[in-house]
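Reader: I am new to this structure and would love a close look at one part of it. Please choose a good spot and walk me through it slowly, along with whatever surrounds it.

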Amino acid sequence: MLKKLLALLLCICMLISFTGCGLLLFAMEQEDRVESDRIDRDDEDEDEDEDEEPTTAPVEVVPEVQMPVVQSGVYVADNGDDTLTVESVSGDSFVFSLFWYRLYSVDNATATWNGDTFVFDYQVDGDVAKGTLTFTGGEVLMTLTEADLPYIETGDTHYTFEGSEADHSGSLMLQVLLLNDEKNGWCMIIERDNTYYDNVYLRFYQGGRVDIWYLEDQITDSVVHYTEGQYTIEENRLILNGDAYILEAVGGAYPEMKLIALGEYEKDYAGEYTFSVDSYTYSGLYEYFDEFTS
């Protein structure tokens, strides 16, 4: 009887144990299912949120234009005569001058960077010049959008960097001096009794050589001297055989030159000169040229 009772108790304990384990497993399984359902719902909510997010057009990002480096000096137009001179540069602006050969000039105008290019608005004593200056390396494109200047029209002008003002001045003076050829050169002009006579004739060459003819006696025009000299140009100064002169010279249709002595010299070539052409009939030196140029 006791054995049967113990066996029954053992069966009951085992049944309770199996039941507890089953309930525990069932609870754990239910918890996993609930957690899985929650994650799925969260994922669905996120997907719905993403689907509901409003779409906007992409914003175009315009790159900032880098302000170019502006170099002081002279920029020469394609025609070889007109110039743009950058006088000084300060921050995002600079002072410049414009020169149109034999037409007009604008002095000390200011151009300022506007984030895209340089703009200028020059208005002085009724003269008006407005436009833009676009720098690309050593080149400049000037667009004149408004102009109230004598003989000057709106439009584009292209310039190329020539060098410093000193370099440009010396280069320009040399170009004018070298207008001569084997027949023509620079004749000094003096006025005597309302008649023009030439008493000095200069012919300049590349490399620093100059041929000089001059009259010993300006009254009789009887004695002509010839010598070969040397010259150099420093900005607007001509050093002729070691003597210094201020040089003023212009080219164009009627080339002219003026030498102003900076000291007292044994042989002074100061004076006003005109570029000779074959049609000139000045008395004096021309009758002697053939023996020196033949």
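Author: Happily; let's begin with a pocket and then follow the elements around it.

This is a predicted model, where local features need pLDDT of at least 70 and side-chain atom pairs count only at pLDDT 80 or more, while totals for chains, interfaces and linings use all residues. Residues are numbered from 1 along each chain as its sequence is written, and side-chain values use heavy atoms, leaving out hydrogens and water.

The largest pocket has a volume of about 660 Å³. (A pocket is an open set of points on a 1 Å grid over the protein atoms alone where a 1.4 Å probe fits, with protein on both sides within 12 Å along at least five of seven lines; its lining residues have an atom within 4 Å of a point. The volume is the space filled by probe spheres set on points joined across faces, edges and corners.) Its lining counts 29 residues, and those closest to the centre are Thr83, Phe99, His168, Leu172 and Met173. Two or more lining residues come from each of β1 (73-77), β2 (83-90), β3 (93-100), β4 (104-113), α2 and β14 (243-250). (Helices, H or I of at least four residues, and strands, E of at least two, are DSSP runs numbered from the N terminus.) By kind, the lining divides into 13 nonpolar, 11 polar and 5 charged residues. (Nonpolar covers Ala, Val, Leu, Ile, Met, Phe, Trp, Tyr, Cys and Pro; charged covers Asp, Glu, Lys and Arg; the others, Gly among them, are polar.)

The element that gives the most to this lining is α2, with 7 residues. Helix α2 covers residues 165-177, 13 in number, and its first and last C-alpha atoms lie 18 Å apart, close to the expected 18 Å. (The expected span is 1.5 Å times one less than the number of residues.) Buried in α2 are His168, Gly170, Met173, Val176 and Leu177. (Buried means under 20% relative accessible area, exposed over 50%, and partly exposed in between, with a 1.4 Å probe and protein chains only.) His168 and Met173 thus appear both among the buried residues and among those closest to the pocket centre.

Now the strands. A barrel of 8 strands closes in the order β1-β2-β3-β4-β5-β6-β7-β8, with antiparallel pairing. Its neighbouring strands are turned by 30 degrees against each other on average, direction ignored. (Strands pair if DSSP finds at least two bridges between them; axes are lines fitted to C-alpha atoms.) Further along the barrel, β5 (residues 118-124) and β6 (residues 127-136) share 7 bridges in the antiparallel sense, and Val119 has Thr132 of β6 as its bridge partner. Asp125 sits in the loop between β5 and β6. Its phi is positive, near 50 degrees, though Asp125 is not a glycine, and Asp125 counts as exposed because its relative accessibility is 77%.

Back to β14, which pairs antiparallel with β13 over 4 bridges; there, Arg237 stands opposite Ile246. Their hairpin has 2 residues between the strands, and Asn241 takes a positive phi near 55 degrees. Asn241 is partly exposed, since its relative accessible area is 40%. On its other pairing, β13 (residues 237-240) meets β12, antiparallel over 4 bridges, with Glu234 opposite Arg237 and Ile233 opposite Leu238. That hairpin also has 2 residues between its strands, and Glu235 in the turn has a positive phi of about 55 degrees.

Technical notes
Axes are lines fitted to C-alpha atoms, for helices over the stretch in contact, and angles run from 0 to 180 degrees between N-to-C directions.
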